[in-house]
Amino acid sequence: MSYPNESSREDSPQMKTGRGKIEIKRIENTTNRQVTFCKRRNGLLKKAYELSVLCDAEVSLIVFSSRGRLYEYANNSVKATVDRYKKACSDTSNSGSVSEVNAQFYQQESAKLRVQIGNLQNSNRQMLGESLSSLNANNLKNLEGRLERAISKIRSKKEIDLHNSNQLLRAKIAENERNQQNMNLMPGGDNYETAQSQSFESRNYFQVNALQPTNHYQHQDQIALQLV
């Protein structure tokens with residue numbers, strides 16, 4: 001038997017208690033919220049117990065308070081009920097609905113990706129000077145600004161690459177010059193052979209001069225010959 005106001009009470013966001021109607025929303029007062037939590041938690045646990053006994057149903061109830069405290073009830077065990085729930089969710093009877101949901105999700109995602117790809121393709125064609133007939137003055141001005149910014153970035157990158165190339169080339173030239181100097185200073189190098197030849201020539205020059213008679217001795221010999 002139904003009452004006239006029963007359907008209106010179910011559809012209304014308010015519930016009637018012994019003290020009057022209250023609106024179903026978060027209770028701002030901390031004390032009132034804690035009191036309401038304790039009362040309704042106990043009532044919920046009682047209802048779960050009654051359901052499991054009267055209907056021979058497997059019931060598990062888990063409640064966390066706003067402070068993180070755990071309250072639970074299970075006529076079997078919470079873990080066993082959770083495992084049974086997972087097995088029921090992975091059952092082949094539910095695979096069809098899961099597949100349909102997944103297929104619908106992927107179809108929506110693919111449609112979004114197609115739209116994005118089309119927009120990117122149109123933007124690239126416009127950057128190349130194509131498909132400009134559909135653009136108005138503001139769109140053309142925005143496109144011009146994008147092109148100028150792109151050209152500026154390209155020039156900056158080319159300048160940086162050129163600078164780095166010049167630095168690398170200078171470093172290689174300096175390294176080659178240092179290697180050449182080191183080779184010249186090593187035995188067998190050109191400067192080493194030139195220095196050795198100069199030292200030998202100077203030494204031979206002094207030896208030859210030591211063997212040759214001086215002008216003074218030649219003059220004495222000439223005088224001795226005249227006296228005889």
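1. Two strands are taken as paired if DSSP finds at least two bridges between them. Strands (E, at least two residues) and helices (H or I, at least four) are DSSP runs, numbered from the N terminus. The model is predicted, so local features need pLDDT of at least 70 and side-chain atom pairs count only at pLDDT 80 or more, while totals for chains, interfaces and linings use all residues. Residues are numbered from 1 along each chain as its sequence is written, and side-chain values use heavy atoms, with hydrogens and water left out.

2. Strands E3 (residues 60–64) and E4 run antiparallel and are joined by 5 bridges. Ser60 lies opposite Ala74 of E4, and Val63 has Tyr71 as its bridge partner in E4. The hairpin of E3 and E4 has 5 residues between the strands, and Gly68 there takes a positive phi near 95°.

3. The faces of the two strands can be read side by side. In E3, Leu61 and Val63 point to one face and are buried (under 20% relative accessible area, 1.4 Å probe, protein chains only). Ser60, Ile62 and Phe64 point to the other face of E3 and are not buried. In E4 (residues 70–74), Tyr71 and Tyr73 form the covered face, and Leu70, Glu72 and Ala74 the uncovered one. In a regular strand the side chains alternate between the two faces of the sheet.

4. The largest nonpolar core (buried Ala, Val, Leu, Ile, Met, Phe, Trp, Tyr and Cys residues joined through side-chain atoms within 4.5 Å) has 6 residues: Ala48, Val59, Leu61, Val63, Tyr71 and Tyr73. At least two residues of this core come from each of E3 and E4. Leaving aside residues up to four places away in sequence, Tyr71 touches (heavy atoms within 4.5 Å) Phe37, Arg41, Leu61, Ile62, Val63 and Ser65.

5. Asp56 sits in the loop between helix H2 (30–54) and E3. Its phi is near 55°, a positive value in a residue other than glycine. Most residues other than glycine have a negative phi. Asp56 counts as exposed (over 50%) because its relative accessible area is 72%.

6. Ser123 belongs to helix H4 (residues 95–127). Ser123 counts as buried because its relative accessibility is 17%. Its side chain makes a polar contact (a pair of N or O atoms within 3.5 Å, one able to donate a hydrogen and the other to accept it) with the side chain of Arg146, at 2.5 Å.
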